[in-house]
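Colleague: Could you take a close look at one part of this model for me? I'd like the place where the two chains meet, with whatever helps to frame it.

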Amino acid sequence: MSFRTSASEAAANPLIPHTAELIVGFIAFTLLFLVLRSKVVPMFEKAFAARTEAIQGGMEKAEKAQRAAEVALEQYTAQLSEARGEAQKIREEARVQGAAIIEDLRGKAQEEAARITAAATASIEAERQQAITSLRNEVGSLATELASKIVGEALDDQVRQSRIVDRFLDDLEKSK
Amino acid sequence: MRKFAFAESGEGFVPPSTADFNLPPVFGDNEFTTKPILLVLLSVVLISVFFIISSRKALVVPSKLQFAGESVYAFVRNGIGEEIIGHEFMRFVPFLFTLFTFILTNNVFGIVPFLQFPAMSHVSFPYVLAVISFVVFHYVGIKKQGIGKYLKGIAFMPGVPKFVYILLTPIEIATFFLVRPLTLSLRLFANMFAGHLLLLVFILGGEHMLSGAIGLKLIAPFAFAFGIGMTFFEFMVQCLQAYIFTLLTALFIAGALADEH
């Protein structure tokens, strides 16, 4: 039997290889290499890549969120300062308007005062005129009465009476 | 074979020898059906099935099975490939990964119950692997640097005084073309061979003592206990040898890739 002889040869020296084992060893290794290279390594690499990507993606997402938050903060700050400015402007306007209203009211009051004063002056003048007229009449009648008493002449006739008074007064004015 | 030895020698103990590594064909008289060959084929099936199943889903958050497969892969990829070869390592990862898993599985077969034979204790398999490793690292070097520059780099190491070449050139040539493949294969073979022989001595010796006188019967358990202890030790050696073989191959590739080794 060929096996027996080859076995006994190998028994003498374990460093001598068996042809069958060399062939099988080479084929087995090559086969395993091809399987692992085509089926296993790409899948594990895919998992590693996906994992790396997931971690990086998460970090990127967080960064993006932070940027968005910063932008929002800036926006709010800007809006706040804008609102403050507007409030300031409104207050200023209100102050100006208040001052204008006061000014306006003061003017109106002054006008009213002037009007009242003017009316009072007018009414005083009228009353004075009236007083002068009534005084003239009274003085006339008194003077006539006095004169008639003095002269002893009845000057009852109204027309004559007033003519005499006028003449008297005219003379009086002329003599002045 | 062992049984024959017992039957022939009767009472006397026949210590295990190199003959114990020559197992008869399992089926008929076919040389391709010996135990080591079947074990090697079984290892190819087991490794393929395990890694295909564990890597099939390629999840970002791995299952326990995927994690187990991935750990072995990452150990070779990062611990050996990236660490030793550097930026070009990805090209060699499938090769190194195959080398490591193939050697490891066939070594560990030595202590798996019922299989209990390290296929790498048959020198043919380490020879094949060493030749493959030899071809790969020389091919890589020649492809990277060109054959002239590569061979000159080996024979005349740069940065050495001229007269040293008388001594250094033969040593370097022998190292690259003879010592490296030989040590690579013999280291693996011898470790597995010696380990298996050691286990045989303790376990078969213990068995023989059990069938002997009463005094020997009492000592037998110690032999078995030592055999079990050696089994754990063997497991360590088996893993270590798979690692060393892969690591050295990676180192040779890295050396061939470097412009000046």
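Modeller: Sure, here's the contact between the chains, then some background on each partner.

First, a caveat: this is a predicted model, where local features need pLDDT of at least 70, side-chain atom pairs count only at pLDDT 80 or more, and totals for chains, interfaces and linings use all residues. Residues are numbered from 1 along each chain as its sequence is written, while chains are lettered from A and ligands numbered from 1 in the order in which they are written.

On to the contact itself: 33 residues of chain A meet 40 residues of chain B, with a contact being two C-beta atoms, placed from the backbone, within 7 Å. On the chain B side, α2 (35-55), α3 (64-85), α4 (93-108) and α5 (124-145) each chip in at least two residues; helices here are DSSP runs (H or I, at least four residues), strands are E runs of at least two, and both are numbered from the N terminus. α2(B) gives the largest share, 10 residues. Sorted by class, that side of chain B has 29 nonpolar residues (Ala, Val, Leu, Ile, Met, Phe, Trp, Tyr, Cys and Pro), seven polar (the others, Gly among them) and four charged (Asp, Glu, Lys and Arg).

As for chain A, it has three helices and zero strands. An unreviewed UniProt entry annotates residues 15-36 of chain A as "transmembrane region"; such annotations may be inferred rather than shown by experiment, feature names are shortened, and positions follow the numbering used here. That stretch of chain A is 82% helix and 0% strand, with its end C-alpha atoms 30 Å apart.
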